Structure formats: structure tokens, C-alpha cells
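Here is a quick tour of a protein model, going from the whole chain down to a handful of helices and single residues. Have the viewer open and follow along.

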Amino acid sequence: MPRKGMRSICFSPKTISFLSSPRSSPSRHALPPTTPLRTEVMVEQIVENASSLIMKWNPETSAYANVTSLFYENRREAMQFITCVNDLQKVMHLIVSEDSTHYRLVQAQNLMQIAMKRLQKEFYQILSMNRAHLDPESMSTRSSRTSISSISDFEDDVSPDDDVRAASDSISEVEQVSSIAMADLKAIAECMNAAGYAKECVNVYKVVRKSIIDEGIYRLGVERISSSRINKMDWHALDMKINNWLEAVKVAMKTLFFGERFLCDHVFAVSESIRESCFSEISNDAATLLFGFPELVAKSKKPSSPEKMFRALGMYTAISENWVEIESIFSFESNSPVRTQALSSLIKLSESIYTMLSGFESSIQKHSSKALVPGGGVHSLTSNAMDYLSLLADYSNVLTDIISDWPPPEKSSLPESYFDSPDSDDPPAAAISTRFAWLVLVLLCKLDGKAKYYKDVSLSYLFLANNLQHVVFKVRTSNLQYLLGEDWIAKHEAKVGQFAASYERLAWNKVFSSLPENPTAEISPEEAKETFKRFNISFDEASRKQSVCVVADPKLRDEIKVSIGRKITPVYREFYEKHRGSVGGQSRVGVFVRYAPEDVENYLSNLFYGTIDSGSSATTSTTSSRQRHRA
């Protein structure tokens with residue numbers, strides 16, 4: 001029967017729903033079972049104690065409470081407030097389970113509503129007033145330096161003499177402030193959730209923290225942009241935006257989203273569903289905006305260029321390198337739009353890179369200029385293509401992922417050796433090695449065709465030697481060496497030697513054959529004169545033609561000069577010393593002997609710079625020779 005003089009009880013729908021729900025069942029910290037009399041005394045005491053403290057901080061009845069923060073004014077009392085509310089909630093469970101008509105139940109409900117409004121206000125104030133201490137950068141730093149257990153030191157440790165104590169002597173004062181704020185937020189969130197007021201708490205958290213994330217992403221320079229606007233941008237403007245994005249994604253992943261996930265997980269540790277709801281609503285828009293930008297660039301109608309290729313590779317790398325963090329931070333099911341957007345950008349970037357690399361191959365094959373490189377030097381196509389490929393090799397790890405899904409080159413158009421070398425048991429590694437070997441082969445085939453434009457066959461071989469040497473040099477001095485392998489380098493170095501030997505044979509064979517096999521053999525003066533005459537003519541002709549030749553690589557240049565010199569200088573020196581005196585007196589020696597051995601050596605040492613004046617060189621050689629003869 002109802003107590004005498006008791007008012008009829010009318011519960012709000014929220015209270016009825018909460019007290020009857022499974023989550024409202026008494027916790028392991030529920031009040032201990034007692035006798036009816038002791039229970040009544042305990043209920044009276046708890047309700048009265050709660051009423052005294054809760055009403056003290058009721059902003060509707062106290063001007064002081066309306067303008068003062070409980071948690072900032074007296075943190076010890078704030079923790080007592082939380083304890084009173086928790087005890088009040090347990091008492092409400094006890095009353096409902098034993099006597100749902102108890103007159104104290106209405107009072108307890110009213111007190112709970114007042115307490116929840118107070119805690120909701122405190123929750124908002126702590127979030128707002130600690131924006132600087134709860135910013136994502138501070139949270140990301142704390143997650144790696146301070147354990148959750150050290151933060152928890154602030155939650156329950158309230159001594160009579162101190163409002164708070166530091167979590168650790170090793171953390172700074174700023175970190176202590178953020179630790180206190182985090183502990184207070186968690187305590188309030190757990191209290192409101194236990195009382196059935198999680199929604200009110202969550203709404204406050206979402207509003208405040210979403211504004212911080214949105215502001216953070218804006219400050220990083222990430223803005224909503226349309227594909228049409230990207231297409232209208234000149235490359236310089238778009239390049240600046242891409243560069244800004246590459247920096248923004250580093251900060252966003254390491255601090256902005258990582259820090260927010262850390263704070264959200266800590267504050268709402270009591271409920272995974274609440275953590276998911278909060279973090280997803282706070283971060284999804286900003287993260288989707290961030291990871292949507294690369295897809296817009298990949299789909300843009302900007303013409304293919306090396307700059308666009310390397311920016312695309314840079315963005316692909318940025319996402320792929322952060323993929324583990326993306327899946328970890330945005331791990332909730334409701335974060336799937338973020339993961340989907342990041343994956344979509346990877347796919348679009350991959351397709352764009354494939355298209356540009358195919359375009360690069362096509363541009364080599366379609367290179368139709370018949371302009372000859374003076375002196376058989378390195379063609380601009382060679383230098384540009386190898387610069388491009390050597391830079392691409394720096395992204396070999398990324399390209400391995402991309403290229404592994406592409407069809408390989410047709411084996412009918414590629415020598416079997418290109419598929420066998422370098423050896424690799426890893427199919428993706430073999431795929432990227434094969435692709436790069438193929439691109440180099442396409443270049444070499446095009447150069448082979450351009451060599452045919454030279455009328456002087458010897459110059460065509462020098463052209464091939466120069467260009468292949470440049471290719472080998474770029475391979476050896478870049479990450480291409482790891483993709484193509486030492487066998488590939490050795491084979492092509494041997495080809496360089498073959499091209500150089502062919503040039504030497506065709507360009508200098510007449511000079512070689514003008515000298516006798518046995519330069520010290522006894523011959524008549526007439527035969528000596530005829531030999532000197534043949535040498536003069538052949539050497540003059542070779543000097544004139546080869547004076548414009550260029551060998552850019554110092555090592556190759558020295559090798560060719562040494563090889564030519566060994567076949568000419570020693571033989572000519574022996575013949576010169578043996579037969580110079582038999583061709584006439586001092587006054588007539590210069591008529592038949594135009595070059596001293598030193599002249600030949602000097603001329604050969606100046607070859608392949610493309611700067612020798614053949615006419616002046618011959619004159620100088622002849623003059624110096626005659627002066628030595630007279631001496």
C-alpha cells in the first residue's frame with residue numbers, strides 16, 4: 001500500500017525506459033542488500049546528500065552556480081558530485097526493484113535531471129575551454145608518450161590536501177592540464193551514460209569536436225573543389241595544391257585524425273557504439289574531403305607530362321604508405337565511406353599512372369624527328385627518356401603494386417633475355433623489371449633507327465655507342481640497376497664496346513692499313529716516301545672527318561682514344577725513327593713527313609670534344625713537325 005500522505009508518482013517516458021532497460025540493471029557496485037529498515041535509512045541519506053550537493057550547483061536556483069564551473073572551482077567537490085549522482089542512480093534502481101511507488105523516486109528523478117543538465121554544461125565547458133589542450137596534435141603526442149593508466153591517475157585520486165596530482169613528473173604542465181581535462185570528460189561521460197543521458201553528452205561532444213576537425217582540415221589548405229575548377233587551373237596552380245595536399249595528408253593522419261580517435265576512444269571508453277558514432281560523425285566529412293582530392297586530379301583532363309606523373313605517384317605513395325593507419329584510425333563500420341574514398345583515389349591514380357606510362361612509351365615510338373645530333377653525340381630523346389625512367393625507378397615499390405595488374409609486353413616483340421633477367425622468384429618484382437626493360441628496349445630500337453640517318457656509317461656507330469653508354473650510365477647510377485640487374489648492365493656495356501670497335505674500324509682503318517706490319521723492316525727510300533705519303537693522306541682525311549666527333553662520357557672517350565692510339569702511335573713512331581732520314585735532306589724532310597709522333601699523339605688526345613679545327617690543327621702539326629726536323 002502507498003505510504004500515508006504520499007503523492008501519486010508520474011515518471012517521465014525517459015525514466016521509465018531507462019529503469020526498465022537491461023543496461024539499467026544494478027552494476028557490480030550496486031548497493032549491498034540490507035534489511036527494510038536499513039534500506040529506508042540508506043535511501044533517505046543518499047537522496048538527501050545528493051539533493052544537498054546537486055541543488056547547490058543548480059544554475060536555475062543559484063546565481064553563483066550559473067556563472068561558476070564546478071570542475072574548475074573545486075575539482076574535489078566535482079568528483080563528489082559524480083559519486084553522488086552514481087549513488088543516486090543506484091538508489092533509483094533499488095527503489096524500483098523493491099517499491100516502485102516510493103515517494104522518494106520522484107525526488108530522485110528530479111534531482112537526476114538537474115544533475116544531468118549540470119554535467120552537460122560542465123562537459124561543454126571543459127571541451128570549449130580546453131580546445132588548446134585537447135587539440136589533435138596534443139592528443140597524438142600524448143597517445144605515444146602517456147599511457148592511459150597514467151591519465152587514469154587523475155580520475156580517482158583525489159586527496160584531502162590536493163585537488164589533483166600530476167600523472168607523472170616526466171610530463172609537462174600543459175600535458176597535466178590536458179590529462180585532467182580528459183579524465184574529467186571521461187568521468188562525466190561514464191556518469192551520464194550510466195544514468196541514461198548518453199545522447200545529451202554525445203551531442204555536445206560532436207558539435208564541439210567536429211568544429212575542431214573541420215577547422216583543422218581547413219587550416220591545412222584542404223577545401224572542397226570541383227572537377228571543373230581543377231580542369232580550368234593552370235598547371236602551376238594545380239601543382240601548388242597537390243604539393244599542399246601532400247603535406248596536409250601527413251599532418252592529418254599523424255595528428256588530426258589520429259589525435260581525435262585517441263581522445264574519442266578515451267572519453268567514451270565505456271561504449272564502443274558511442275565511440276563509433278562520435279568519431280564517424282566528427283571525422284568522416286573531413287577525411288572524405290581529404291582523400292577525394294587525388295581522385296579529382298587523376299580524373300582531370302590535364303595533358304600527360306612528367307610533372308603530372310610524379311605528382312600522381314607522390315599522391316599514390318602518400319595514401320599507400322598511410323593505408324595501415326587509414327584502416328586502423330577509420331576502422332569502424334560507419335567509417336567505410338572514408339576507406340572507400342581512399343581506395344577509389346588509389347584506383348584512379350593507378351589508372352592515370354598506367355595511362356601516362358603507356359603514353360610515354362608511345363611518345364618514344366612516335367618520335368619522328370630526323371635531325372642529326374652533331375658529332376654523333378647523345379640524343380635529347382635519350383637523355384630525356386633516361387632521366388624520366390631513372391626518376392620512375394625511385395617509385396619502384398609503388399609501381400610494383402600498380403604494374404602487377406597490367407598485362408606484360410608481348411613476348412613476340414621482346415627478346416627472351418628481357419624476361420629472364422634479372423632473375424626473380426617474386427612475380428611482382430619480375431613484372432616491374434620486365435616493364436622497365438621493355439621501355440629501355442623501345443628507346444634503343446628508336447635510337448637504332450635514328451642512327452641510320454647518318455650518311456657516314458662510322459658516325460652512326462659512334463652515335464649508338466654514345467647513346468647506349470648514356471643509357472648504361474643512367475642505369476648504373478640510379479635505382480634502375482636494381483630493377484635491371486648486373487647481367488643486363490654487363491651485356492649492354494659489352495654492346496657499347498662493340499659499337500665503339502665498329503666506329504674505330506670504319507673511321508680509322510685506312511690510317512691503320514697505311515702503316516706497314518713491320519715498321520722497322522728495311523725498305524727503299526721510295527717505298528718509305530710512299531708510306532709516309534699514304535699515312536699523311538689517310539691521317540689528314542680521318543682527322544678532318546673525326547674532328548667534329550663527340551664522346552660525352554669521359555671513360556668511353558678515353559677508352560676509344562687509347563685504343564686508336566695503340567694501333568697508330570707506336571707503329572708510326574718506329575717507322576718514323578727508322579725511315580725519316582732516308583726520304584731526303586733536312587730541307588726536303590717536311591715535304592714527305594708532315595707529322596712527328598708527338599703531333600699524332602697531341603692530335604689524338606684532343607679528339608672527341610667536337611671543337612677541333614681540322615685545318616688549323618693540320619697546319620699547326622705540320623709547322624711544328626718541320627721545326628723539329630730542322631732541329
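Half the story is on the inside: 50% of the 631 residues in the protein chain count as buried. Keep in mind that this is a predicted model. The secondary structure is quickly told, with 27 helices and 0 strands. As for how the chain meets itself, take the contacts with a separation of 6 or more: 82% of them are between residues 24 or more positions apart.

**Three helices and their lengths**

How do the end-to-end distances of some helices line up with what is expected at 1.5 Å a residue? The table puts three of them side by side.

| Helix | Residues | C-alpha end-to-end distance | Expected span |
|---|---|---|---|
| H13 (272-298) | 27 residues | 37 Å | 39 Å |
| H14 (306-321) | 16 residues | 22 Å | 22 Å |
| H22 (480-514) | 35 residues | 45 Å | 51 Å |

Start with H13, where the distance between the end C-alpha atoms agrees with the expected span. Even so, H13 has a kink of about 45°, centred on serine 283. It's also a mostly covered helix, with 19 of its 27 residues buried.

H14 comes out close to expectation, at 22 Å from its first C-alpha to its last. Its buried residues include Lys308, Met309 and Phe310, and also Gly314, Tyr316 and Thr317. And what sits over them? The cover for the buried residues of H14 includes H13, along with H12 (235-267), H15 (323-329), H16 (336-365), H17 (380-393) and H18 (396-403).

H22 is another matter, since its ends are only 45 Å apart, short of the 51 Å that a straight helix would reach. Look at glutamate 486 in the viewer: H22 bends there by about 70°.

**A buried glutamate on H22**

Stay with H22 and move along to glutamate 504, which lies in that helix. Is glutamate 504 buried or exposed? It's buried, because its relative accessible area is 8% and the cut-off for buried is under 20%. Its side chain makes a polar contact with the side chain of lysine 567, at 2.8 Å. Leaving out residues up to four places away in sequence, glutamate 504 touches Lys567 as well as Ile560, Ser563 and Ile564, plus Asn509 and Phe512.

**Histidine 579 and lysine 529**

Next stop is histidine 579, in helix H24 (residues 554-579). With a relative accessibility of 3%, histidine 579 counts as buried. Its side chain reaches the backbone oxygen of alanine 521 at 3.2 Å. Beyond residues up to four places away in sequence, histidine 579 touches Ala521, Pro519, Ile523, Ala528 and Phe532. For phenylalanine 532, 47 residues apart from histidine 579 along the chain, the C-alpha to C-alpha separation is 9.3 Å.

Lysine 529 belongs to helix H23 (residues 525-546). Setting aside neighbours within four places in sequence, its contacts are Val583 and Phe592. The C-alpha atoms of lysine 529 and valine 583 are separated by 5.9 Å, with their places 54 residues apart along the chain.

**Two loop residues**

Now for a couple of spots between helices. Threonine 68 is in the loop between H3 (63-67) and H4 (70-73), and it counts as buried at 10% relative accessibility. A polar atom of the threonine 68 side chain lies 2.7 Å from the backbone oxygen of tyrosine 64. Not counting neighbours within four places in sequence, threonine 68 is in contact with Trp57, Glu73, Arg118 and Glu122.

Phenylalanine 608 sits in the loop between H26 (597-605) and H27 (614-630). It isn't a glycine, yet its phi is positive, at about 70°. At 1% relative accessibility, phenylalanine 608 counts as buried.

**One helix pair to finish**

Two packed helices are described by the angle between their axes and the distance between the axes. For H9 (residues 173-194) and H10 (residues 198-219), the axes cross at roughly 145° and come within 7 Å. H9 brings Ala189, Met192 and Asn193 to the contact, while H10 brings Ala198, Glu200 and Cys201. Sorted by class, the contact of H9 with H10 has 4 nonpolar, 1 polar and 1 charged residues.

Terms used:
Residues are numbered from 1 along each chain as its sequence is written. This is a predicted model: local features need pLDDT of at least 70, side-chain atom pairs count only at pLDDT 80 or more; totals for chains, interfaces and linings use all residues. Side-chain values use heavy atoms; hydrogens and water are left out. Helices (H or I, at least four residues) and strands (E, at least two) are DSSP runs, numbered from the N terminus. Buried means under 20% relative accessible area, exposed over 50%, partly exposed in between (1.4 Å probe, protein chains only). Contact means heavy atoms within 4.5 Å. A polar contact is a pair of N or O atoms within 3.5 Å; within protein, one must be able to donate a hydrogen and the other to accept it, and residues adjacent in sequence count only if both atoms are side-chain atoms. Axes are lines fitted to C-alpha atoms, for helices over the stretch in contact, and angles run from 0 to 180 degrees between N-to-C directions. Ala, Val, Leu, Ile, Met, Phe, Trp, Tyr, Cys and Pro count as nonpolar, Asp, Glu, Lys and Arg as charged, and the others, Gly among them, as polar. The expected span of a helix is 1.5 Å times one less than its number of residues. The bend at a residue is the angle between axes fitted to the seven residues ending there and the seven starting there.
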